[in-house]
Amino acid sequence: MAEHNGSGHAYHTESHSAAHDNHPDPEELRTFGFWIYLMTDVILFGTLFAAYIVLRGNTNGGPGPEELFQMGGIITSTFILLTSSFTSGLAVLAMHKGNRQALMGWLSVTALLGATFIVLEVREFIHLVHEGATIGTSAFLSAFFTLVGTHGLHVSLGLVWMIALIIQLAKHGITPVTKRKVNVISLFWHFLDVIWIFVFTIVYLMGVS
Amino acid sequence: MWEKVKSFASDFFVTGDPLIYGADVSIVLAAISIVFVMTYFKKWGWLWREWLTSVDHKKIGIMYILASFLMLFRGGVDALLMRAQLVVPEMEFLTPDHYNQIFTTHGVIMILFMAMPFMFGLFNVIVPLQIGARDVAFPFLNALSFWLFFSGAMLFNLSFVIGGSPDAGWLAYPPYSGLMHNPGPGQDFYIWGIQISGIGSLMTGINFIVTILKMRAPGMKLMKMPMFPWSVLSSCIAIIFSFPILTATLALLFLDRYAGAHFFTLDGGGNPMMYINLIWMWGHPEVYIIVLPAFGIFSEIVSTFAKKKLFGYKSMVYAMMIISILSFLVWAHHFFTMGSGADVNAFFALTTMLIAIPTGAKVFNWLFTMFRGKITFETPMLWTIGFIPCFVTGGMTGVLLSVAPADFQFHNSYFLVAHFHHVIIGGVVFGYFAGLYYWWPKLFGFKLHERIGKWAFWLWNIGFYLCFMPQYALGLMGMTRRVATYGWDKGWWEMNLVSTIGAGLMGIAFVVQVWQIVYSVKHLRKDRTGDPWNGRTLEWSIPSPAPLYNFATLPQVTAQDEWWEEKLLRDNGQSSSVPPALEPIHMPKNSGIPFVMSMFWFAAGFGFVFQWLWLIIAGLVGVAVCMLVHSFNYDNDYYISVDEIKRTEAAIREVPN
């Protein structure tokens, strides 16, 4: 199945139907497995959100959310991440049309937007540290840095993965394997977007209101 | 220079205890002899090709079980050391510090590095065979899970000789497990050993859910699936919802220790009770995770050895699913004394009592399956029958503990210690032993010696009751858990003496089991039938041990006890016609990446323990590179040709029946 053909749809006949009609398509299994992984990640973030909500009042005499958060930058990065989710959707649409160039293009745009988001987040963290608000300042800040940082770590890993996938697309074209990989990373990307909406609401909006 | 090395070594290695020096010597000797034997017989290549890189679920399962037996030995020695310290009052065998380390490692090892791998081993070797599949859904991931478990377990065990063992109890409650009170590396070994193996457990959970939901043989509707895969499914559902909580919680504890965060510290606004809530949100489902598969094993064994269809199939399924869900709603019963108020305690007391209902239904189902059956008492069935009274009484003391007001008396006493050993040994350990004895012939192609097995069974059982029944009384008399010693004036010593004798009997029983395996290998009597117990489910329809691809042609399932029904048809001369034609079989290729990646995780974990940044970075970069290499590898499967299947099948059948 490593044979590649750029056009996308012609692969079906050979590799999947004949040899194992009793068995589910392995790529379908992997996508299903990834959905379950996402459920576990929901629990992971759920735990961090719970910790944040429990600890957010415990500022230990240090700065609280209203003093620290600069909503302008946060709203910008929120829109950047939402847009990247949209472009990753466009990438999937291009894939379904069998258009490899557009697929790789939109994935690159998505990755760039993701990278911009990370840069903004790192700058925000650096700003906070300069303000004297570090992970060790108070329980509130411990929970804040951990929750937001874990999301950022997910986005960063997604970036590495996306770049690796763009290279693979250049090498192999649109095959059942790369197709599944694009689907899966786009799921992951939308998932991170949803998590961010919760971060934005619970951490930032409810923090400054 | 020499002085520097000396001062480093005296911090790095655990010093000053003759027991540990003895262990050092034996570890070095064992390592040298393994290396020597492997090199002498030129087995390194074999080890690498056949085992370390294998993605075959049967081999991975065997490695899990082997590892769990080693861990059972280590955890058992810990237990015996504790019982030796408590045998009489004012004993000075172990110092209190050392005693703390030993009960900590005993608990962690028995639950996470003995019960979990034993369970995963049985999942691996049996589930695909029972559902008529050729492997699990994700064979590569499966190998990775095993090796992550293995490196986590090794990292944890290393603390015994390097750096020092953790000593904050098996769940490491802060603030004692925090940096302020516990600066040594022991607690970091705990965090990273469990974290690394926990990621493996989580992935196994995902793997088996997909395997069971998507890979069943044609015709096997969920409600025709054998009971063991059902139990695995319910257990894996609990795994995927609870293990992320563990991962997050340990990560927070790690941040407290490593980055100076204030999640669970006493200062900075931290909240230690939050840790206790979080860890039990994982910890309570965890005990159901390990006991549910045991329920599945007993269901299989009871119906095989009573020669009857399982009674109440549907109620068994519902019971396990309900247990799986309820297990998430009871965590606070571990700390009724926290002071959350009567309403909260009442809720958790009620949910806890509710769990007794589905569990009770299962016990009655097993009993009704035996009712009017033609029961035979081979070792798997003995363990099953031994389990029922043991688990019922252990469960009832659990209901006693769930009464919140009464729990203020029982809490953290030996009554509790007796209770959880009662259900975990009587349920989990007996269950996995039963499963191992039952499926051993499927794994290796020969039965274990029955008579020695019966000795082991009786020694275990008598030892068990002698050891733990007195502990209930001790608890009521005021002896609290984790005390390192007690005075003559307490009036506890007679019961403690009996308890220690019981523990010794269980130790002897373990030795008898090892002897049983050695003896059975030496006097090997090959089972040619593939179905030595007259079994009912698909795993018995294929030769033992199963060929690489398990099923030459995938079975078409029509009934719940498919293989039993098939045998009935054959006896009536109505056997299903010619088997379908062979087709090439699609198989995953072996891969060294899971092993190598896990070694990098080990390195990173070791770096975190000693805060060696270079090793952390090297380890994590290695992990990332391994993942990328795997992602870029598009050549990871192959086909077994029809000719080769024919040759393999012929070679199996060639042997005279």
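**Group meeting: a predicted two-chain helical model**

Let me begin with the record for chain A, where an unreviewed UniProt entry places the annotation "transmembrane region" at residues 34–54, 74–95, 102–120, 140–167 and 187–207. What I am showing is a predicted model, and I will set the annotated spans beside the computed geometry. Residues 34–54 of chain A are 100% helix and 0% strand, with their end C-alpha atoms 30 Å apart. For residues 74–95 of chain A, the end C-alpha atoms lie 32 Å apart, and this span again comes out at 100% helix and 0% strand.

The unreviewed entry also lists, for residues 32–208 of chain A, the feature "domain: Heme-copper oxidase subunit III family profile". Over residues 32–208 of chain A, the content is 86% helix and 0% strand, and the end C-alpha atoms are separated by 39 Å.

Within chain A, I would like to dwell on helix α7, which runs over residues 176–208. How far apart are the end C-alpha atoms of α7(A), and what span should its 33 residues give at 1.5 Å a residue? The expected span is 48 Å and the end C-alpha atoms are 47 Å apart, so the two values agree. There is nevertheless a kink of about 25° in α7(A), and that kink is centred on Phe200(A). As for its surroundings, 24 of the 33 residues of α7(A) are buried, and the helix is therefore largely enclosed by the rest of the structure.

Turning to chain B, the secondary structure amounts to 20 helices and 2 strands. The radius of gyration of chain B is 25 Å, which is close to the 26 Å that the globule rule gives for 657 residues, so chain B is as compact as a globular protein of that length. Taken along the principal axes, the C-alpha atoms of chain B fill a box of roughly 75 × 60 × 45 Å, and 59% of the 657 residues of chain B count as buried.

For residues 40–558 of chain B, UniProt lists, in an unreviewed entry, "domain: Cytochrome oxidase subunit I profile". Across residues 40–558 of chain B, 68% of the chain is helix and 0% is strand, with 52 Å between the end C-alpha atoms.

The helix I would pick out in chain B is α5, residues 96–130. At 1.5 Å a residue, its 35 residues should span 51 Å, and the end C-alpha atoms of α5(B) are 48 Å apart, which agrees. Where does α5(B) bend? The bend is at Ile109(B), and it comes to about 35°. Helix α5(B) is mostly covered, with 31 of its 35 residues buried, and it is followed by Gly132(B), which has a positive phi, near 70°.

Now to the side-chain contacts, beginning with the charged pairs. How many salt bridges does the structure hold over all chains? The count is 12, and I will go through some of them. Glu50(B) pairs with Lys59(B), their closest N and O atoms being 2.8 Å apart, and Glu50(B) counts as partly exposed because its relative accessibility is 33%. Lys454(B) forms a salt bridge with Glu450(B), where the closest N and O atoms are 3.9 Å apart. Both Lys454(B) and Glu450(B) sit in helix α15 of chain B, 4 residues apart, which is about one turn of the helix. With 32% relative accessibility, Lys454(B) also counts as partly exposed.

A further pair is Asp531(B) with Lys567(B), for which the closest N and O atoms are 2.6 Å apart. Asp531(B) lies in the loop between α16 and α17 of chain B, whereas Lys567(B) is in helix α17 of chain B, so this pair ties together parts that are 36 residues apart in sequence. Are the two partners, Asp531(B) and Lys567(B), buried or exposed? Both Asp531(B) and Lys567(B) are buried. In chain A, Glu27(A), Arg30(A) and Arg180(A) are joined into one network by salt bridges that share partners.

Lastly, the cysteines. The structure holds 0 disulfides over all chains. Cys390(B) is in no disulfide, and the nearest cysteine sulfur, that of Cys467(B), is 12 Å away. Cys390(B) counts as buried because its relative accessibility is 0%, and Cys626(B), with a relative accessible area of 7%, is buried as well.

Note on methods
Residues numbered from 1 in each chain as written. Chains lettered and ligands numbered in written order. Predicted model: local features only at pLDDT ≥ 70, side-chain atom pairs only at ≥ 80, totals over all residues. Heavy atoms only, no water. Expected span 1.5 Å × (residues − 1). Bend = angle between axes of the 7 residues up to and from the residue. Buried < 20%, exposed > 50% of the residue type's maximum accessible area, 1.4 Å probe, protein only. UniProt positions renumbered as here; feature names shortened; annotations may be inferred. Disulfide = S-S within 2.5 Å. Salt bridge = Lys/Arg side-chain N within 4 Å of Asp/Glu carboxyl O. Rg over C-alpha atoms; globule rule 2.2 N^0.38 Å.
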